[in-house]
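Colleague: Could you take me through the surroundings of the ligand, and then what lies around them? I'd like a close look at that part.

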Amino acid sequence: MNSFAEQLDRSGTTAFVHAKHPRSICVINYKGGVGKTTVTALLGLYLAKIAKKVLVFDIDAQCSLSLALGFDPEKVSKTELTVYNLVEPKAWTKLKQKKLENYAQRLKSSYLPTNVEVVPGSFSTDELDYVIAKTLLKDEQRFLAELFLYTKQLLMSFEHDYDYVLVDCSQQDVPYAGDASRLCLLFARYYS
Ligand SMILES: Nc1ncnc2c1ncn2[C@@H]1O[C@H](COP(=O)(O)OP(=O)(O)OP(=O)(O)O)[C@@H](O)[C@H]1O
Ligand SMILES: [Mg+2]
């Protein structure tokens, strides 16, 4: 986390760290199976119950959160409306062309609240850390600045539409897992 933050420092874009969504919460842990997804799902549903509008990102390639909330990751993986498509390097200069509202999907079950929306996971999320790392290796300074600016603008574009933004991260001790989650940590106001 520190070295990632230091890298961002060197890219000269640290000021953006202060522009966080006021109620963004990243649920993260080094260890697997400790309740990250359960906390994210139940917190999201609870906040919706008390009339808050909530957006939940599933950035774990296991897609457990998406499954729990009624999404089929296999179907989602066949579309272009995935976390991968939203955060992959090709997207970093194309925020204006992205129709962000299309990425956030309502829960399908009629007995679940309508004021929770999900950017569902897909199996390709697994490759996200790898493609981010590969791109940064080409020209760290240029692409970090691009990535940082893009993520900040992305998060801020959701700011007016949602009271809370929650992120369910993957466990952090598998190869390549990390950059996408660390980025979320930097932009989240709180983490759990
Ligand atoms: N408070 C709790 N008490 C008992 N069991 C729990 C509790 N919270 C979660 N569990 C159970 O623990 C298991 C793991 O939970 P969960 O999938 O939320 O963990 P995770 O950290 O997201 O795992 P992963 O690292 O694989 O994404 C699940 O079977 C879940 O039902
Ligand atoms: Mg999980």
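Modeller: Let's fix one term to begin with: a residue is buried if 20 or more other C-beta atoms, placed from the backbone, lie within 10 Å of its own, exposed if 12 or fewer, and partly exposed in between. This is a predicted model, where local features need pLDDT of at least 70 and side-chain atom pairs count only at pLDDT 80 or more, while totals for chains, interfaces and linings use all residues. Residues are numbered from 1 along each chain as its sequence is written, with chains lettered from A and ligands numbered from 1 in the order in which they are written.

By that burial cut-off, 35% of the 192 residues in the protein are buried.

Now the ligand. Around ligand 1 sit Gly32, Gly33, Val34, Gly35, Lys36, Thr37, Thr38, Asp60, Gln62, Ser64 and Gln171, each with its C-beta atom, placed from the backbone, within 6 Å of the ligand. That shell splits into one nonpolar, eight polar and two charged residues; Ala, Val, Leu, Ile, Met, Phe, Trp, Tyr, Cys and Pro count as nonpolar, Asp, Glu, Lys and Arg as charged, and the others, Gly among them, as polar. Helix α2 (residues 36–49) gives the most to the shell, with three residues. Helices here are DSSP runs of H or I, at least four residues, and strands are runs of E, at least two, numbered from the N terminus.

Next, strand β1 (residues 24–27). Ser24 and Cys26 on one side and Ile25 and Val27 on the other are all buried, leaving both faces covered. β1 pairs with strand β5 (residues 164–168) in the parallel sense over four bridges, where pairing takes at least two DSSP bridges. Cys26 has Val167 of β5 as its bridge partner.
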